[in-house]
Every structure is written in C-alpha cells, then in structure tokens.
Amino acid sequence: KGVIITEDNQVSYGDFPLPEVGSTDVLIKIHSAAINPSDVLYLAGFYPAGKNKPTTAGFEGSGTVVATGDSEAAKQLLNKNVCFFASGKTAPGSWGEHTVVSHSSCVVLPGDLTLEEGATCLVNPLTVQGFILESETQGYKCIAHSAAASQLGRMLVAGCRLHNIKLINFVRRQEQVDILKTLGAEHIINTSEPNW
C-alpha cells in the first residue's frame, strides 16, 4: 500500500505492485518518509522527476532492508537500517509500506541515528555539503541563498559558520529574519522591505 500518483497526476492511496528485486536492488520495509517541497510539487505535476507513472510518491525515506538481489553489494545491506533516495524511472517512492531501490541509493544508518532522523538525512544535508565543497574547491568566500529560512537554509547557516564561509540569506518576511537571527545568521536581507 502507498500514496499513488497516476499518469494523469491523480493522487490516491491503495495497493501498488512493486517491481521485481533486481540483482543490485534491495527491498525496504519503510519506517519513515520525508515530505519535501519537491514531493509536494511532484504530486501537483510541477516537478519533473523523470519517473514512470503510475508510481508511489515520496523521494526520501528510511527503513529496514528485508530482501536483496544476488549482488554482494546488495546482500551486505540485508537487515540493515538505511536511509534511501528513490531515484530512477522505475523506483517506487517512499510514501508506502515498501519500496525497491538500487543498493547504491542507500546509506546504512549509524547506530546513534534513529529511523525518523534518517528519513531526512540525504537531500538537505548533502545539498549543504555540496554548497560547502563547491565553495571551498573554487575558493568562493560567500554564498547567497534565497528561501533561507527553509530547513536547507537553516542547515546552511550552521555549515557556513563551521567552514568560515560568509552566507547572505534572502527571506520574504520579518518572522523569517527572526528565525535566522536565533540561529546566528549574520547577513539577512528581507525582500519584503522597501528598497531592499
């Protein structure tokens, strides 16, 4: 069972047949799944994920690997708690009871990370790491970030502080300025102010 999105972007809940577990795939019993803006946009038909439809919704989640294909890499994940990204044309999403994904779309969760925390540890944290790595590799001293009060933006504040990268945060409301100030953000521009 899962949240199903049809070819004509109709959303429902019900039974969905999973694809066969291929040689390098794993079958995951899903514990938790994130709801990111990309998920909401995908459900509305505005996010081109390149997935074959019908499929189950949700891109990111966590769970326990309960079966694997016959490759050694896949077998190493059996009975492990993992976070995963449901990528590719045929991988069902994370908003269901089970999914089948490539072993390469999974990361084993360390013992001190819960399945709830693991459900959101790929998309935003890896994006922050990408920003920081690109900045350090290219010698950039500053990042300008819009929608900066988002979860990604909040993580970016901490990451940039840790790596001594100046961060300019663009937001649209005063309450978002206040949120970022409590996190220690220094450079915040509120685009709702006149002549910002």
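This is a chat about the fold, the cysteines and some backbone details of a predicted model.

Colleague: Before we start, what should I know about the numbering and the model?
Modeller: Residues are numbered from 1 along each chain as its sequence is written, and side-chain values use heavy atoms, with hydrogens and water left out. The model is predicted, so local features need pLDDT of at least 70 and side-chain atom pairs count only at pLDDT 80 or more, while totals for chains, interfaces and linings use all residues.

Colleague: How many helices and strands are there in the protein?
Modeller: The protein has 6 helices and 11 strands, where helices (H or I, at least four residues) and strands (E, at least two) are DSSP runs, numbered from the N terminus. Its C-alpha atoms fill a box of roughly 55 × 35 × 30 Å, taken along the principal axes.

Colleague: And what share of the residues counts as buried?
Modeller: Of the 196 residues, 38% count as buried; buried means under 20% relative accessible area, exposed means over 50%, and partly exposed is in between, with a 1.4 Å probe and protein chains only.

Colleague: What about contacts between residues at least 6 apart in sequence?
Modeller: Among those contacts, 62% join residues at least 24 apart, and a contact means heavy atoms within 4.5 Å.

Colleague: Switching to cysteines, how many disulfides are there?
Modeller: The count comes to 0 disulfides, a disulfide being a pair of cysteine sulfur atoms within 2.5 Å.

Colleague: Why is C83 not bonded to C121?
Modeller: The closest cysteine sulfur to that of C83 is the one in C121, and because the two are 3.3 Å apart, they are too far for a bond. C83 is buried, with a relative accessible area of 1%. C106 is in no disulfide either, since its nearest cysteine sulfur, that of C83, is 7.9 Å away, and C106 counts as buried at 12% relative accessibility.

Colleague: Let's go to the start of the chain; how do β1 and β2 run?
Modeller: Strand β1 (residues 2-5) and strand β2 (residues 11-14) run antiparallel and are joined by 4 bridges, and two strands pair if DSSP finds at least two bridges between them. Within this pair, V3 stands opposite Y13 in β2. The hairpin has 5 residues between the strands, and there N9 takes a positive phi near 60 degrees.

Colleague: Where else does a residue that is not a glycine have a positive phi?
Modeller: N79 has a positive phi of about 65 degrees, and N164 has one of about 55 degrees. N79 lies in the loop between α2 (72-75) and β6 (81-85) and counts as exposed at 61% relative accessibility. N164 is in the loop between α5 (151-162) and β10 (166-171), and counts as exposed at 72%.

Colleague: Which peptide bond is cis?
Modeller: The bond from K53 to P54 is cis, with omega near 5 degrees, and P54 lies in the loop between α1 (37-43) and β4 (55-56). As background, most residues other than glycine have a negative phi, and most peptide bonds are trans.

Colleague: Last one: where is Y140, and what does it touch?
Modeller: Y140 lies in the loop between α4 (123-138) and β9 (142-145), and is partly exposed, with a relative accessible area of 44%. Not counting residues up to four places away in sequence, Y140 touches E134 and S135. Y140 and I28 are 112 residues apart in sequence and 40 Å apart in space, C-alpha to C-alpha.
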